[in-house]
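Please open the model in your viewer and keep the selection tool at hand. The tour below goes from one selection to the next and says what is found at each stop.

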Amino acid sequence: DLDLKSQLQELIPEQQDRLKKLKSEHGKVQLGNINVDMVLGGMRGMIGMLWETSLLDPEEGIRFRGLSIPECQEVLPTAVKGGEPLPEGLLWLLLTGKVPTKEQVDALSKELLVRSSVPAHVYKAIDALPVTAHPMTQFTTGVMALQVESEFQKAYDKGLPKTKFWEPTYEDVLNLIARLPPVASYVYRRIFKDGKSIEADNSLDYAANFSHMLGFDDPKMLELMRLYITIHTDHEGGNVSAHTGHLDSKSLVSAVSFVIHSSEYAIAVLIVVEVGSALSDPYLSFAAALNGLAGPLHGLANQEVLLWIKSVIEETGSDVTTDQLKDYVWKTLKSGKVVPGFGHGVLRKTDPRYSCQREFALKHLPEDPLFQLVSKLYEVVPPILTELGKVKNPWPNVDAHSGVLLNHFGLSEARYYTVLFGVSRSMGIGSQLIWDRALGLPLERPKSVTMEWLENYCKNK
Ligand code: CMX
């Protein structure tokens, strides 16, 4: 069957039963102990939520529905023989847990294309911002403006029963994913290419079309974009963007108001929801997730890495020696900054998302000087971070590599990079959101305590 929604229709009752059984048979099984360090340390290592689409192993890295990145590269349908996976295939995998056929992926590409038209007010909302606003601010504004078309919100207002919540969520998620490339490329062209937009090419797949609308048609860049969108989709549930999307989707929103004014027009998108009465729809949840992604310790690190690499070259010239590089790393650390692209909250080895990008570079751009610099950093940075004695993971993460690949093909505007991450992340967060609704997962509400509470508790232990 080529229809993704009908596949889900079949799968959902099975998974609902599975969850019910898990609850009734094992609800009281202990999962570990919480200590004070965990409470003070950002809940590291505390198992605290259900996230079906992917699972992260500290040593091995991410698995999407049980498949590692090299396995996905092996089994997911591609546009080019032996090439990179099509992100539509990964979306299918995340949603259903099954590897799709090429026909199913092609059908999904077409479905996304049909859903991709963006209402004019979205562009006006973006235009109301100064062109100097950060690309992530412009992008998130576009997402918020898309929200006025939410099917979930309309259905909810009409009194849709809980058991059917997943259906308008599915519509919203697929519409959102479909509409992000035109919105994101509009932001890029507005800021960096004098606002000259490029029409979509309906013969292309999702990632290739996105690259085309940005203005990059080199077949290797299309392959890079397919890989890029595939690997940034999902990284289990506890990272800032995924968790924010998940949390918001289940939270009761008191009032969200969003007003933009410019000299020519005023656009007001007012979403006022009575306290305790509503679930945030996928657009609201995803916009919240994007705001988390825009932080420098998370998604913005890809921007920071390229800017940092360029600052190394500016200071030392393009023939950087190993010693100069070491000095620059130390200088960064001594000035109180982090070395962007290295370290991770969960991973304890080199990120496989880094490794597959390195493979891509070795295959397509081995001579690129910035790639060679990134390779040199792989040797220089980990021993220095280890020497600091406090860094739990000295190895590079996904963001250490992506910038130099994009830069190679002409997408050199680092400030834009986190938007690409955001487009991709819609697939992971959106897929889990559909399952949140299908499984009827409850509102998240962990317990917090004060220092006084902890002190008293520990005294009495
Ligand atoms: N450079 C300098 N110091 C680092 C470091 C790095 N790359 N990575 C960790 N540290 C420091 C931490 O700042 C912390 O110092 P303090 O105790 O003085 O506060 C100490 O080492 C221990 O941190 P940790 O437990 O190893 O790592 P955390 O879980 O606290 O943080 C992360 C993880 C990613 C925020 C951190 O490694 C970092 O800041 N890296 C650089 C930014 C980056 O690349 N972020 C992207 C991550 C991937 C993504 O989400 O996109």
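**Stop one: two helices and their crossing**

Select α6 and α7, whose crossing is right-handed. The model in the viewer is a predicted one, and in it helix α6 covers residues 120-127 while helix α7 covers residues 135-146. These two helices pack at an angle of about 145°, and their axes lie 9 Å apart. To display the contact itself, pick His121, Val122, Ala125 and Ile126 on the α6 side, and then add Gln138, Thr141, Gly142, Ala145 and Leu146 on the α7 side. Coloured by class, the contact of α6 with α7 shows five nonpolar and four polar residues, and no charged residue.

**Stop two: α6 against α9**

Keep α6 selected and add helix α9, which runs over residues 166-192. Here the packing angle is about 35°, with the axes of α6 and α9 11 Å apart, and the crossing of this pair is right-handed. On the α6 side the residues to show are Val122, Tyr123 and Ile126, which meet Val183, Tyr186, Val187 and Arg190 of α9. By class, the contact of α6 with α9 divides into six nonpolar residues, one charged residue and no polar residue.

**Stop three: the open sheet**

Next select β1, β2 and β3, the three strands that form an open sheet in the order β1-β2-β3, with antiparallel pairing. Which strands stand at the edges of this sheet? The edge strands are β1 and β3, each of which pairs on one side only.

Begin with β1 and β2, which pair in the antiparallel sense over four bridges and form a hairpin with three residues between them. To follow the register along this pair, select Ser54 and, opposite Ser54, Phe64 in β2; then select Leu55 with its bridge partner Arg63 in β2, and Leu56 with its bridge partner Ile62, also in β2.

Move on to β2 and β3, whose antiparallel pairing has two bridges. Phe64, already on display opposite Ser54, has Leu67 as its bridge partner in β3.

**Stop four: two residues with positive phi**

The hairpin of β2 and β3 has two residues between its strands, and within this hairpin Arg65 takes a positive phi near 45°, although Arg65 is not a glycine. Select Arg65 in the loop between β2 (61-64) and β3 (67-68). Is Arg65 buried or exposed? Arg65 is buried, because 20 other C-beta atoms lie within 10 Å, and a residue counts as buried at 20 or more.

Then select Met43, which sits in the loop between α2 (36-40) and β1 (54-57). Met43 also has a positive phi, near 60°, and is a residue other than glycine. With 14 other C-beta atoms within 10 Å, Met43 is partly exposed.

**Stop five: the shell around the ligand**

Finish by selecting the ligand and the 22 residues around it, of which Ala301, Val338, Gly343, Gly345 and Lys392 come nearest. When the shell around the ligand is coloured by class, the viewer should show 10 nonpolar, nine polar and three charged residues.

Conventions. Residues are numbered from 1 along each chain as its sequence is written. This is a predicted model: local features need pLDDT of at least 70, side-chain atom pairs count only at pLDDT 80 or more; totals for chains, interfaces and linings use all residues. A residue is near a molecule or strand if its C-beta atom, placed from the backbone, lies within 6 Å of it. Ala, Val, Leu, Ile, Met, Phe, Trp, Tyr, Cys and Pro count as nonpolar, Asp, Glu, Lys and Arg as charged, and the others, Gly among them, as polar. A residue is buried if 20 or more other C-beta atoms lie within 10 Å of its own, exposed if 12 or fewer, and partly exposed in between; C-beta atoms are placed from the backbone. Axes are lines fitted to C-alpha atoms, for helices over the stretch in contact, and angles run from 0 to 180 degrees between N-to-C directions. A crossing is left-handed if the near helix is turned anticlockwise from the far one by less than a right angle, and right-handed if clockwise. Two residues are in contact if their C-beta atoms, placed from the backbone, lie within 7 Å. Two strands pair if DSSP finds at least two bridges between them.
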